[in-house]
Amino acid sequence: MKNFFLIVLLIVSVKVSAQKFEGLALTPPMGWNSWNTFGTDINEALVKDIANKFIELGLKDAGYEYIVLDDGWMSKERDVEGNLVADPKKFPSGMKALADYVHSKGLKFGLYNCAGEKTCAGYPGSRGSEYQDARLYASWGVDFLKYDWCNTEKINAESAYITMRDAIKTAKRPMVFSICEWGDNEPWTWAENVGHAWRVTGDIINCWDCEVGHGTWSSSGIWKIINMRKEIRKAAGPGHWNDYDMMEVGNGMTDAEDRSHFAMWCILASPLIMGNDLRITSSETIKTLANKEIVAVNQDKLGIQGFRFINENNIEVWIKPLENDEWAMTFINMNDKQISLDFDWKKHEIGDNLNNRILNVNNQNFKIRDLFNHQNLGNTATSLKSEIGAHDVLMIRLLK
Ligand code: GLA
């Protein structure tokens, strides 16, 4: 009997220690990651410049917080004690000093590693060294870990990510744990208590709807990514998000396409991780990324992921319930030419069955706010009319 109680106690205590850090990412994490623009060509001067740009360009003020170094920050070998080493050529002052710099700007610092023996770019992965690596990150002041899935043949994804989660918890420094296994093992079915966000697809690329093959894998444009997963929105909520990948805003699509891309990431309650070179970015790009009225849709406290309502005349209409019975909507013109939108509220029954919310324009007259142009557009008593350019978006908030 005594042994039985001991075993129960042991199981309970293991369960208690083995949890992710709670209270983090209660709204989708916002920040910047090096990969989309720089690949492994990263260094400490770049990170400092980016941190400074967060302040100068008003991005910190708009809510962006994490600066995350992706693959390529390490030396190819661990040291004699088995510790990871920051590449001394790229990061001569070391990671602790760099994290301190980022923190001195009131921002947070993130790193990348991988559940396999090697990262995707061939640097040392964490397999077998999870606890040691987590302790090292904690000693450097890391606040965010992106954890990838290359070179993991025969490993079970859920247990690999649980091991790293437990390693972080044991290292006692709160870190947002960002799972990156490309949706291969359906993390939306098991990762709510493991990570704070999980990638839902393979890698993004800077095009509207293309797919680019790389031999064994391919990267996908914005609409390929959006359309790839069905029925996963119920998995998202405060502290656990579907991650539609780092953004390509400012990376070569038209300004209209960038606006639509950004609007969609906000409607989807995806993490908002910028992936462009903030040192040379255009004012139009910053206007999009730092638009507080649109960021507020992404950061809404309810944390409900939006959904496609209809596609009418090749206009994608998406909707997201917000706090105080307000709603956000995007009307995206998928056509290659400008169109005239004429949306008759009375002809549509809009509701979110999953969350028991009904948008009833017969009982309630909502004011309409245009979130890109920061102006009021009348109310829902009359049809919503607007000219929308090719691949551009009208994004609105319905206010009581
Ligand atoms: C994978 C990830 C990318 C990036 C690279 C780094 O492809 O999905 O986001 O981290 O690895 O090698």
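**View 1. Ligand oxygen contact at tryptophan 182 and neighbouring ligand contacts in the predicted model.** An N or O atom in the side chain of tryptophan 182 lies 2.9 Å from an oxygen atom of the ligand, a polar contact being a pair of N or O atoms within 3.5 Å. For aspartate 203, a side-chain N or O atom is 2.5 Å from a ligand oxygen atom; for aspartate 148, the distance from a polar side-chain atom to a ligand oxygen atom is 2.8 Å. The ligand is surrounded by 13 residues (a heavy atom within 4 Å), the closest being Asp70, Asp71, Lys146, Asp148 and Asp203.

**View 2. Crossing of helices α6 and α7.** The axes of α6 (residues 130-140) and α7 (residues 157-171) come within 8 Å and cross at roughly 45°. This angle makes α6 oblique to α7, because oblique covers angles outside the ranges under 35, over 145 and 65 to 115 degrees. Contact (heavy atoms within 4.5 Å) involves Tyr131 and Tyr137 among the residues of α6, and Met164 and Ile168 among those of α7.

**View 3. Packing of helices α3 and α5.** Helix α3 (residues 44-56) and helix α5 (residues 94-104) have axes that come within 10 Å and cross at roughly 10°. That makes α3 roughly parallel to α5. From α3, Glu44, Val47, Lys48, Ala51 and Asn52 meet Gly94, Leu98, Tyr101 and Val102 of α5.

**Notes.** Residue numbering starts from 1 along each chain as its sequence is written. In this predicted model, local features need pLDDT of at least 70 and side-chain atom pairs pLDDT 80 or more, while totals for chains, interfaces and linings use all residues; side-chain values use heavy atoms, without hydrogens and water.

Technical notes:
Axes fitted to C-alpha atoms, helices over the stretch in contact; angles between N-to-C directions. Helix = DSSP H or I, 4+ residues; strand = E, 2+ residues; numbered from the N terminus. Polar contact = N/O pair within 3.5 Å; in protein donor to acceptor, adjacent residues only side chain to side chain.
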